[in-house]
Amino acid sequence: MTETSSQATAGETLGFQAEVKQLLHLMIHSLYSNREIFLRELISNASDATDKLRFQAIAAPELLESNPDLAIRVAFDPEAGTISVSDNGIGMSREDVIAQLGTIARSGTAEFITSLTGDESRDANLIGQFGVGFYSAFIVAKRVDVFTRRAGLPVEQGVHWSSDGEGEFQVADIERADRGTQVLLHLRDDAREFADDFRLRSLIRKYSDHIAFPVLMAPVVPDDAEEAPAEEAVNTAQALWTRPRTEVQDDEYREFYKHIAHDFEDPLLWSHNKVEGKREYTSLLYLPGRAPFDLWNREAPRGLKLYVQRVFIMDNADQFLPLYLRFIRGVVDSSDLSLNVSRELLQQDATVDAIRSALTKRALDMLNKLAKDDAEKYQGFWNEFGRVIKEGPAEDPENQARIAPLLRFATTHTDQETADQSLADYLERKQAEQDKIYYITADSFGAAKSSPHLEVFRAKGIEVILLSDPIDEWLMGHLAEYEGLALHDVRRGELDLGGEQDKSEDDQADAGEHQPLVDRLGECLKERAATVRVTDRLTESAACLALGEHDMGEQMRRILAASGQQVPDSKPIFEINPEHPLVQRLAAEADDQRFADLADVLFDQASLADGRQLQDPGQFVQRLNRLLLELST
Ligand code: ADP
Ligand code: MG
């Protein structure tokens with residue numbers, strides 16, 4: 001136990017949460033080549049803490065004590081091999097210290113860790129997006145001491161936290177006159193180069209220039225110095241979004257993103273705007289390069305950092321963007337909201353609604369611009385976030401026209417699983433008289449691609465969008481049209497392939513010719529099929545299942561059933577291909593039992609090809625075997 005002060009009491013040694021131990025270990029190895037970022041992370045935390053104090057002091061000015069000038073200080077001692085980053089921000093109580101510096105509170109952390117592969121370069125990326133800020137200190141430090149006191153608590157309730165990052169940490173009560181936090185790094189022997197004036201100043205300028213509070217440094221002072229030389233701000237100390245766009249460098253935008261998003265990686269794109277007039281606000285929206293590990297956790301924090309007249313108000317203000325844009329990070333700074341605004345108040349504020357609607361358009365415009373300017377980068381974005389965007393047409397019908405061009409799909413044009421075709425690409429290739437955009441949904445790309453429903457489309461050279469995300473049927477249900485063309489499920493209704501379909505008199509005659517077979521099948525399958533008809537869809541397969549125009553698709557049924565909801569009862573339409581030898585064989589079958597067996601097998605096969613589950617798989621196998629045995633005798 002490290003005794004740090006003669007007043008130290010109630011010292012205890014605690015173990016890190018298991019996830020912290022694993023992360024620490026992985027991080028020290030995987031971020032080693034980029035270890036200078038520890039300073040950025042510590043200054044970022046100091047800035048967050050200072051922001052929080054400034055906010056709380058609006059309602060409780062006494063929190064500022066006799067020390068109202070908020071600043072961050074960086075000091076070092078080359079002889080001792082130490083660096084210190086301190087702030088006079090909100091500070092931490094003993095409970096805060098144990099909770100914040102001993103555990104990782106984000107839900108899903110354990111799952112995240114199990115997803116790490118042990119492949120260091122891959123894991124470094126994953127860890128980067130997880131954002132393990134404070135712990136990055138251990139990349140360069142063999143021991144870290146934290147001295148802190150929460151604003152508003154008495155001097156005796158200071159806390160000293162100390163750890164060598166090997167699995168345990170010590171906590172002790174100390175007396176601490178200064179409010180806020182000091183993080184003291186005892187550098188590893190191979191990291192002592194960082195305890196250097198020039199090095200630290202250039203790192204601060206490189207990574208932390210955008211921090212809105214002054215980051216102060218003074219030269220090393222000998223112990224016997226009469227008077228300490230005045231500290232000076234190393235950074236610009238101006239909130240980045242308040243500066244004119246033309247004066248902010250791309251690198252500054254990138255570093256600012258890492259600070260606010262707690263991300264170690266560069267953003268893909270950003271959009272910085274100042275709105276003046278009836279409403280005044282500034283927004284800086286970022287598109288992250290990678291989806292966070294908890295993108296699918298509905299409880300995961302999301303939203304923008306909210307400032308009112310440059311004063312930080314709250315993190316994760318989720319009222320400023322819709323759910324399907326939850327991956328956008330950034331800042332909104334409004335001059336029209338009150339400093340006392342709360343989450344509850346934000347929910348029913350006309351100003352917030354107006355900003356939300358403007359930011360939604362801005363974000364969508366930013367994405368559309370990326371799609372236009374840089375298809376490859378956009379594809380990277382789509383691969384990470386496309387499934388979230390697909391929630392858009394349902395959540396935000398008003399912006400459908402902005403969302404639809406963002407969608408990317410796999411189609412029969414490439415027959416590749418990569419979803420990289422836009423609706424505009426599709427329209428460019430559509431046939432002259434084609435008046436619908438065709439799609440098929442299935443459980444997997446393979447099932448979609450080889451569905452018998454595509455046969456006639458392939459034969460006629462009509463492109464079909466291949467959908468296999470669980471959300472796709474939902475998406476298509478809400479996306480009724482694009483550029484005036486209806487989106488049509490190829491399984492649905494009677495096929496009318498516009499001018500492509502030559503419904504010749506021959507076909508009509510055929511239909512009549514096959515009526516006896518159709519009737520016989522209808523009788524035989526009356527429990528299973530809504531109706532039986534001669535197909536327009538098939539050229540190779542014997543039979544398929546089609547849906548009525550308004551029947552619910554299989555995907556939706558399964559989603560509803562899984563969520564315990566009532567699924568409407570409806571039977572599929574059974575379509576047969578009279579050209580197929582099996583169907584011809586069926587037509588010629590005199591034996592009623594064998595006819596029924598064959599009819600059921602055909603129906604079951606059509607179900608399987610449609611990705612459905614058989615109601616009675618055992619019976620299917622028995623029937624099929626009966627037929628196979630007959631063949632071999
Ligand atoms: P993040 O910044 O993404 O929350 P970090 O690992 O950087 O994650 O920090 C963990 C937590 O520790 C912070 O959320 C904060 O609660 C606390 N913390 C870290 N540094 C400070 C500080 N200088 N002052 C007050 N709290 C701090
Ligand atoms: Mg941090």
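Modeller: Let me start with a definition: two strands count as a pair if DSSP finds at least two bridges between them. One more thing to know early is that this is a predicted model.

Colleague: Thanks! What makes β2 and β3 a pair, and in which sense do they run?

Modeller: Six bridges link β2 to strand β3, residues 82-87, in the antiparallel sense. The cut-off is at least two bridges, so the two strands pair. Within this hairpin, four residues lie between the strands, and G81 takes a positive phi near 70°. As for a matched position, T82 in β3 stands opposite D77.

Colleague: How do you know that β2 also pairs with β8?

Modeller: The test is again at least two bridges, and β2 has three with strand β8, residues 215-217, so they pair too, in the parallel sense. In β8, L216 is the bridge partner of R73. Strands of a sheet pair through backbone hydrogen bonds, and the sense can be parallel or antiparallel.

Colleague: Which residues of β2 are on its covered face, and which are on the uncovered one?

Modeller: Strand β2 covers residues 72-77. I72, V74 and F76 make up the covered face, while R73, A75 and D77 form the uncovered one.

Colleague: Let's look at another sheet. Why are β15 and β18 called edge strands?

Modeller: The sheet is open, with five strands in the order β15-β17-β16-β19-β18 and mixed pairing. Its edge strands are β15 (410-411) and β18 (481-482), each of which pairs on one side only.

Colleague: What makes β15 and β17 a pair?

Modeller: There are two bridges between β15 and strand β17, residues 464-467, and the required number is at least two, so these strands pair. They run antiparallel. The bridge partner of T411 in β17 is I465.

Colleague: Moving on to single residues, why does L586 count as buried?

Modeller: Buried means under 20% relative accessible area, and L586 has 0%, so L586 is buried. L586 is part of helix α21. Leaving aside residues up to four places away in sequence, L586 touches L517, R520, L521, F595, L598, A599 and L602. L517 is 69 residues from L586 in sequence, with 8.2 Å between their C-alpha atoms.

Colleague: And why does E589 count as buried?

Modeller: The relative accessibility of E589 is 8%, which is under 20%, so E589 counts as buried. E589 sits in the loop between α21 (581-587) and α22 (592-609). Beyond residues up to four places away in sequence, E589 touches R520, R594 and F595.

Colleague: Stepping back to the whole chain, how does its radius of gyration compare with that of a compact globule?

Modeller: For 633 residues, a compact globule would have a radius of gyration near 26 Å, but this chain has 33 Å. The C-alpha trace spans about 115 × 60 × 40 Å along its principal axes.

Colleague: How many helices and strands are there, and what share of the residues counts as buried?

Modeller: The chain has 23 helices and 22 strands. Of its 633 residues, 52% count as buried.

Colleague: One last thing: how many positive and negative side chains are there?

Modeller: There are 68 positive and 112 negative side chains, and the centres of the two sets lie 1 Å apart.

Methods. Residues are numbered from 1 along each chain as its sequence is written. Chains are lettered from A and ligands numbered from 1 in the order in which they are written. This is a predicted model: local features need pLDDT of at least 70, side-chain atom pairs count only at pLDDT 80 or more; totals for chains, interfaces and linings use all residues. Side-chain values use heavy atoms; hydrogens and water are left out. The radius of gyration is taken over C-alpha atoms; the globule rule is 2.2 Å times the number of residues to the power 0.38. Buried means under 20% relative accessible area, exposed over 50%, partly exposed in between (1.4 Å probe, protein chains only). Lys and Arg count as positive and Asp and Glu as negative; His and the chain ends are not counted. The place of a charge is taken as NZ of Lys, CZ of Arg, CG of Asp or CD of Glu. Contact means heavy atoms within 4.5 Å.
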